Amino acid sequence: MTTHVDNSLSPHGGTLVERVRPLTGIRDVAGLPTIEVREQIVHECVNIAYGFFSPLTGFMGSADVAAVSATMRLASGYVWPIPIVLDVAQAELENAGVSVGDTVLLTHLGNPLATLDVSEIFAVDLTEMARQVYTTTDPDHPGVQRTLGYADRFVAGDITLVCEPVISPPFDRFWRTPVQLRAELAAAGWQRAVAHQTRNVPHSGHEYLMKGAFMEARADGVLVSAVIGEKKEGDYIDEAIVLAHENLRTHGFFRYGIHRTTALLWDMRYAGPREAVFHALVRKNLGCTHHMFGRDHAGVGDYYGRYAAHEIFDELPDLGIRSVLTLEWWYCPTCGGVAYEGICGHPDTKQDLAGRLIRSIISGGTEPAPQTLRAETLALVRQCAEEYGFGSPFVTEQYLTERTPVLTVPAAA
C-alpha cells in the first residue's frame, strides 16, 4: 500500500473530480447492459461525478473496500473512512450479461443516469465489514442494518454521469456542486469557512454552536451543510431543515454575508467518529477550511463515546481542514439563557436542548422557554408542516410515499 501521500491537499487528493458528460441522444448508450439503481445509489453517483467524494472516481474495488474498512485509508494511502460501494445481486448481473470489462448503463426509474466501466465484481464478508466500520454487528444499528442488507456482489469501476439530475424546489435554492460552491465562497471573500453538519431543525443550541465555532475559527462565514437523504418515520422533514436554517439569516440572527445554507445528498450511516471524518473530507471538497464537531456527532444510541468524533482526529494526519471541537450547549434557567458546558456551573438544572423537549415544542405540547427555540423558527417549521409535510413537521408514512422527490432523473431525448 502506498502511504506517503499528502492528505492536507484541498480538494482531497489535490484534484477536484468531475465526471459529467451529458448524452447527445439515447443512441449514445443504446445496446449497453443496464442496471437499475435505487435512490441511494443515485446520490452516490451524483456525489462521485461532481467531486463531492474526491478523490473517488467510481465505486470502490476490493482493495479499497478492504483498506477503508480496516484502516480508514484507500489503497493509495489517502484517508477515507466509509466504503462507497455498488451492490448488485449475482442473479441480476447474470440476467443483464454484465462482466468485468463491460461498460454498463445505470438507470433510475428507467431513465439513463450514468455509465459504469466495470473493473471488478467481488464478494465481501458483510458481517466483518460492518464490525470494522461500525465497531458492532448489532443489527439494530442502522449502518449495520444497511450493510447486512447489501446484495451478494459489489461492482467496482469509474462512473460518468450522463444525465444531470433535476433538483426539486425548495432544494434547488440550496444545492451546489463543489465547483459552484467554491466559486461562490471565493466571490464572497470567504477565506476561512467553517462547516456545520446538520440533519435537524435548528434550536438555540445549534445556533450558539455555530456562533461559537465562527468566533473560534475566526471564520469569514458559516456554511450550513444540511444532509438531505434517506428518511425514516419521526425524522424532521427535509424541507423544514433547510428552510429553518435559512430562516436564521433571514431574521438577522446571523448577519447577511456570514451565513449560508446548502444541501448535501447523503444517506446517513450513523458511523459516529468515522462519519465525522467523512463529513470533514466532503466539506473540505466544498471549500471549507474548518468543521465544527459537538457531542455525539453522527452517532446513534450508545454505540460511540460522547466525544468520539473529537478523539478520532488525534489518530489521523493533517487532513487540510481544521476541527473546531465544542462541548454541549444547553438552556440554563439559573443563568437565564443558553449556556455552555465548559462555562456554566449549573449542570444539575440544565435543560437539554435536543430530543424530546424541542420535538414537544414543535408539536405544540410545550411552550418554549426563553431562547430555547426561536419563535421565528417555530413558526417556519409549522408552516413547512402544512406546505410539505401533510400536516406534520416530522416524517410520516404519507410523507415517505407522497412527497415531491428531492431529485429526478429526466428521460433522455
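**Notebook: burial, cores and a helix pair**

I began with burial: 53% of the 413 residues of the protein count as buried. I note that the coordinates come from a predicted model.

*Overall form.* I counted the secondary-structure elements and found 13 helices and 15 strands in the protein. I then looked up the radius of gyration, which is 21 Å, close to the 22 Å that the globule rule gives for 413 residues, so the protein is as compact as a globular protein of that length. Along the principal axes, I recorded a box of roughly 70 × 45 × 45 Å filled by the C-alpha atoms. For the contacts with a separation of 6 or more, I noted that 75% come from residues 24 or more positions apart.

*Nonpolar cores.* I next asked which residues have the most contacts inside the largest nonpolar core. They are Phe-53, Phe-59 and Trp-80, in a core of 108 residues. Helix α1, residues 39-50, gives the most to this core, namely seven residues. I also recorded a second, separate core of 14 residues, with Met-210, Ala-213, Met-292 and Val-324 among them.

*Phe-53.* I listed the contacts of Phe-53, leaving out residues up to four places away in sequence. Phe-53 touches Glu-44, Asn-47 and Ile-48, and also Trp-80 and Ile-84. Further along the chain, I found Trp-266, Phe-278, Val-282 and Asn-285 in contact with Phe-53. Trp-80 thus appears twice in my notes, as a partner of Phe-53 and as one of the residues with the most contacts inside the largest core.

*Helices α2 and α4.* I examined how helix α2 (residues 62-71) packs with helix α4 (residues 126-134). Their axes are 7 Å apart and form an angle of about 45 degrees. That angle makes α2 oblique to α4. On the α2 side I noted Val-65, Ser-69 and Ala-70, which meet Met-129, Gln-132 and Val-133 in α4. By class, the residues of this contact comprise four nonpolar, two polar and no charged.

*Leu-373.* I closed with a loop position and asked whether Leu-373 is buried or exposed. Leu-373 lies in the loop between α11 (356-363) and α12 (375-387). I entered Leu-373 as buried because its relative accessible area is 5%, and buried means under 20%. I also looked up its separation from Leu-357: the two are 16 residues apart in sequence, and their C-alpha atoms are 9.9 Å apart in space.

Methods:
Residues are numbered from 1 along each chain as its sequence is written. This is a predicted model: local features need pLDDT of at least 70, side-chain atom pairs count only at pLDDT 80 or more; totals for chains, interfaces and linings use all residues. Side-chain values use heavy atoms; hydrogens and water are left out. Axes are lines fitted to C-alpha atoms, for helices over the stretch in contact, and angles run from 0 to 180 degrees between N-to-C directions. Helices (H or I, at least four residues) and strands (E, at least two) are DSSP runs, numbered from the N terminus. Angles under 35 degrees count as roughly parallel, over 145 as roughly antiparallel, 65 to 115 as roughly perpendicular and the rest as oblique. Contact means heavy atoms within 4.5 Å. Ala, Val, Leu, Ile, Met, Phe, Trp, Tyr, Cys and Pro count as nonpolar, Asp, Glu, Lys and Arg as charged, and the others, Gly among them, as polar. A nonpolar core is a set of buried Ala, Val, Leu, Ile, Met, Phe, Trp, Tyr and Cys residues joined through side-chain atoms within 4.5 Å. Buried means under 20% relative accessible area, exposed over 50%, partly exposed in between (1.4 Å probe, protein chains only). The radius of gyration is taken over C-alpha atoms; the globule rule is 2.2 Å times the number of residues to the power 0.38.
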